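Reader: Could you walk me through a few labels used for this structure? I would like to see how each one follows from its value.
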Amino acid sequence: MTDITALSAEATIPQKTRLQLALRKPGFLIGAFIIGVSAMLALMPGVFAPYDPNLIDYVAVKQPPSWAHPFGTDMLGRDSLSRVIFAYKVNMQMAILATVFAMTIGVIVGALVGYYRGFADMIFGRVVDAVITFPFLVLVIAVVAVLGPGLINMYIAITLVGWVYYARLMRAEVIAQMGNDYASAGVVMGYSDRRIIFRHLLPNAITPVIVYWMTDMALAILLGSSLGYLGLGAQPPQAEWGVLIAEGRNFITTAWWLSLMPGIAIVLTGLGFSLLGDGLADLLRPRG
Amino acid sequence: MTQTVMDIKDIELEFPVSRSLVDFVKKRPGRVVRALNGVSLQLHKGETLGVVGESGCGKSTLARCIVRLYEPQNGSIHFDGQDIFAADAKADRSYNRRVQMMFQDPYSSLNPRMTTGQILSEALSVHNMRPEAEIPSRVAELLDLVRLPQDAAGKLPHEFSGGQRQRIAIARALAVEPEVLIADELVSALDVSVQAQVVNLLLELQDQLNLTILFVAHDLRLVRHVSNRVAVIYLGRIVEVGDSETLFSNPSHPYSQALLSAAPSLDPDDKGDAIRLQGELPSPLNVPPGCPFHVRCRHVTELCKAKVPGLRALSGRGEVACHHAEEISKHA
């Protein structure tokens with residue numbers, strides 16, 4: 001029996017932690033940096049913004065970028081840089097609030113229908129078909145039209161439509177995970193369904209959902225600012241990137257910086273979330 | 001003297017095959033895979049019963065029925081006198097404590113996100129095997145029992161080899177102190193040297209803990225080594241059951257004879273008089289009428305094509321499902 005003990009104490013090769021590996025990927029680092037900076041700007045815009053975003057100065061309207069106003073000023077003389085920075089607060093909030101509820105609902109519903117299948121799964125399939133038939137934006141605009149414009153209603157609208165995408169992803173992943181014997185082992189061990197679904201299947205099935213979540217946060221910012229642009233989301237004079245772009249639209253030939261700067265902010269944050277999601281996919285994948 | 005702990009009676013299980021659009025248009029009836037066609041088997045207390053057969057003959061399906069992963073359409077399984085598929089029994093999770101299963105693939109049977117310690121203590125706490133405070137020491141005991149080092153408790157499954165993972169699976173099954181263990185191809189995914197370790201460990205634990213084991217495998221020499229009795233399955237039917245030594249040295253059913261002679265021998269002088277079966281294993285989608293083996297059997301008669309032979313006791317041997325068992329075994 002000594003031979004068995006000897007064999008079990010196999011030499012383990014020192015392995016780099018997953019964090020160490022992820023930190024060597026430039027994409028992940030850049031994404032983490034962008035989102036880190038964005039989060040800081042969102043949490044304390046007052047510290048970084050040079051002016052009050054709503055300070056009107058009729059003496060300095062539509063000034064091009066200069067050392068005093070790096071992003072120029074708008075038609076009311078408000079400092080464009082300060083408005084873009086203060087918009088981080090609203091837009092980052094959008095990225096989170098428009099997605100977390102959809103994700104939570106989607107993950108739970110998806111896990112349940114994936115585990116139990118049957119009639120509920122059939123109904124779920126029809127609901128998914130119905131929702132994904134419509135373009136996302138059209139459906140959200142329809143819901144906002146019913147509820148009325150404004151940020152809160154926009155979050156409700158995006159959640160009502162968006163959970164379906166999470167649930168679909170989660171369902172497929174749970175079904176795939178159930179092909180593994182550890183799920184059967186849970187049944188054989190006499191574990192409750194709740195334990196098998198939430199303790200065993202969910203942690204193994206959630207990785208793609210988290211990666212999708214990162215992308216979805218980028219999409220939520222894009223969608224939120226689209227609605228802001230259309231006048232259905234954040235309302236002026238609130239500084240929000242979509243609203244800022246809409247305000248600059250009338251002066252696009254004379255004061256191009258008014259629309260360009262918030263546009264760049266949208267692109268950068270979107271890129272940051274995408275890169276971060278990509279890096280997280282590697283970081284969260286369980287080892288074989 | 002021999003006490004039956006589990007009585008499997010005539011279980012039948014079919015899986016529907018999904019119909020294609022062409023089937024639907026041509027109005028072909030839905031087809032089914034007949035995985036088990038009336039399997040009857042008794043498991044005696046303290047024994048190791050080997051179950052052998054070709055791929056796809058229903059060995060694993062039978063194992064999964066016993067632990068209630070599948071529910072047979074017909075027939076019954078009684079454990080300790082109680083029907084395990086009765087409505088009140090299904091709600092009772094203590095059956096799942098008393099009868100445990102170990103799976104073939106050690107790479108998928110452990111949750112990749114739980115450490116060994118978590119896997120074992122979960123089993124202990126769900127079934128209230130020990131008070132909360134004693135769980136860590138019991139986990140240590142279990143690791144000792146399957147001869148894993150103590151630091152294994154903090155490691156994730158990917159840090160172990162196949163054989164070590166299989167021992168974690170054994171420890172998980174033993175954590176709930178079962179009476180019956182179902183080993184479904186327990187070692188077929190492992191290297192030969194590791195197979196021996198795991199099997200010997202299992203046999204030792206059986207002695208220590210007085211376990212009853214159903215050992216499903218396709219490795220005949222291994223089954224001969226571990227089992228007291230052996231059942232041979234062919235196309236979802238048991239064709240022969242008997243004492244392991246008798247069955248291996250002197251099989252009665254023509255299929256058992258062919259199966260055993262197909263196993264490679266280690267004796268260099270032993271060459272070439274293996275019985276070669278004609279034809280292919282029939283598809284379980286389309287089981288032949290009469291004796292399911294008649295299309296490949298050397299001793300086939302008209303009776304075999306018409307009538308399904310039942311299992312019957314043969315003097316001095318086990319039970320055989322063959323109309324002509326007496327003559328055949330006399331010639332063999």
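Reader: Which backbone oxygen does the side chain of B:R167 reach?

Author: Happy to help! In this predicted model, that side chain reaches the backbone oxygen of B:R147 at 3.0 Å. A polar contact needs N or O atoms within 3.5 Å, so the 3.0 Å for B:R167 meets that distance limit.

Reader: Why is B:R167 called buried?

Author: Buried means under 20% relative accessible area. B:R167, found in helix 7 of chain B, has 4%, so the label fits.

Reader: What makes A:Y166 and A:Y212 an edge-to-face pair?

Author: Their ring centres lie 5.1 Å apart, with 70° between the planes. Pairing asks for centres within 6.5 Å, and edge-to-face for planes over 60 degrees apart, so both conditions hold. The pair links helix 8 and helix 11 of chain A, with the two positions 46 residues apart in sequence.

Reader: Is each of those tyrosines buried or partly exposed?

Author: A:Y166 has 0% relative accessibility, so it counts as buried. A:Y212 has 25%, which lies between the 20% and 50% cut-offs, and is therefore partly exposed.

Reader: How do you know that the charged end of A:R195 sits over the ring of A:Y191?

Author: The charged end is 5.9 Å from the ring centre. The distance limit is 6 Å, with a further condition of 35 degrees from the ring normal; A:R195 is listed as sitting over the ring.

Reader: What confidence does the predictor give the complex?

Author: An ipTM of 0.84 and a pTM of 0.83.

Conventions:
Residues numbered from 1 in each chain as written. Chains lettered and ligands numbered in written order. Predicted model: local features only at pLDDT ≥ 70, side-chain atom pairs only at ≥ 80, totals over all residues. Heavy atoms only, no water. Helix = DSSP H or I, 4+ residues; strand = E, 2+ residues; numbered from the N terminus. Buried < 20%, exposed > 50% of the residue type's maximum accessible area, 1.4 Å probe, protein only. Polar contact = N/O pair within 3.5 Å; in protein donor to acceptor, adjacent residues only side chain to side chain. Phe/Tyr/Trp six-rings, centres within 6.5 Å; stacked < 30°, edge-to-face > 60°.
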